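Here is a friendly walk through the charged side chains of this protein and the strands that carry them. Have the structure open as you read.

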Amino acid sequence: VRVRKKTKQFNEHYFLTVKSEGSVARDEFEIVLSDITYKELLGEAKYLIEKTRYEIPLSEGLVAELDVYDNPKDLVVVEVEFINEDLAQKFVPPSWMGKEVTNDPSFKNKNLAREI
């Protein structure tokens, strides 16, 4: 469970996000929050991760989400979301994406947060 602030073109939007366990396939649910509720929930957060996300268009309508972390420092991760596991298995990542970490639990946000 996490609270998120997403900023696009100077507009801020707030969400409560719930993700299921898993690595390649997971369920994700988002509920829109008011800025007041977001700030209240953020104040109760036990762990805090700060990152900037950049969206990079790929072929076949896919989008790479490049996360540059402020906290933890010096971490950059890219992910691509797919509509099903079959498409994920067939995906050939561009060479600039580097090492595959999907199944490495140390790169999950919940584990990164605990390390801060």
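## Salt bridges between strands

Lys-51, Arg-53, Glu-65, Asp-67 and Glu-79 come together in a network of salt bridges. Please keep in mind that this is a predicted model. The structure holds nine salt bridges, and the table sets out three of them.

| Pair | Closest N to O distance |
|---|---|
| Arg-4 and Glu-30 | 3.8 Å |
| Lys-6 and Glu-30 | 3.1 Å |
| Glu-65 and Arg-53 | 3.5 Å |

Let's begin with the pair from the network. Glu-65 lies in strand β5 and Arg-53 in strand β4, so their salt bridge ties together parts that are twelve residues apart in sequence. Is Glu-65 buried or exposed? Glu-65 counts as buried because its relative accessibility is 14%, under the 20% cut-off. Arg-53, at 34%, counts as partly exposed. Leaving aside residues up to four places away in sequence, Glu-65 touches Arg-53, Tyr-54, Val-77, Val-78, Glu-79 and Glu-81.

The two strands themselves, β4 (residues 50-57) and β5, run antiparallel and are joined by eight bridges. Tyr-54 stands opposite Leu-66 in β5. Five residues separate β4 from β5 in the hairpin they form, and Glu-60 in the turn has a positive phi of about 60°.

Now to Glu-30, which forms a salt bridge with Arg-4. That pair links strand β1 (residues 2-8), home of Arg-4, to strand β3 (residues 28-33), home of Glu-30, across 26 residues. Glu-30 also forms a salt bridge with Lys-6. Lys-6 is in strand β1 too, so this pair ties together parts 24 residues apart in sequence. Arg-4 is buried at 14% relative accessibility, while Glu-30 at 34% is partly exposed, and Lys-6 at 31% is partly exposed as well.

Conventions. Residues numbered from 1 in each chain as written. Predicted model: local features only at pLDDT ≥ 70, side-chain atom pairs only at ≥ 80, totals over all residues. Heavy atoms only, no water. Buried < 20%, exposed > 50% of the residue type's maximum accessible area, 1.4 Å probe, protein only. Contact = heavy atoms within 4.5 Å. Pairing = 2+ DSSP bridges. Helix = DSSP H or I, 4+ residues; strand = E, 2+ residues; numbered from the N terminus. Salt bridge = Lys/Arg side-chain N within 4 Å of Asp/Glu carboxyl O.
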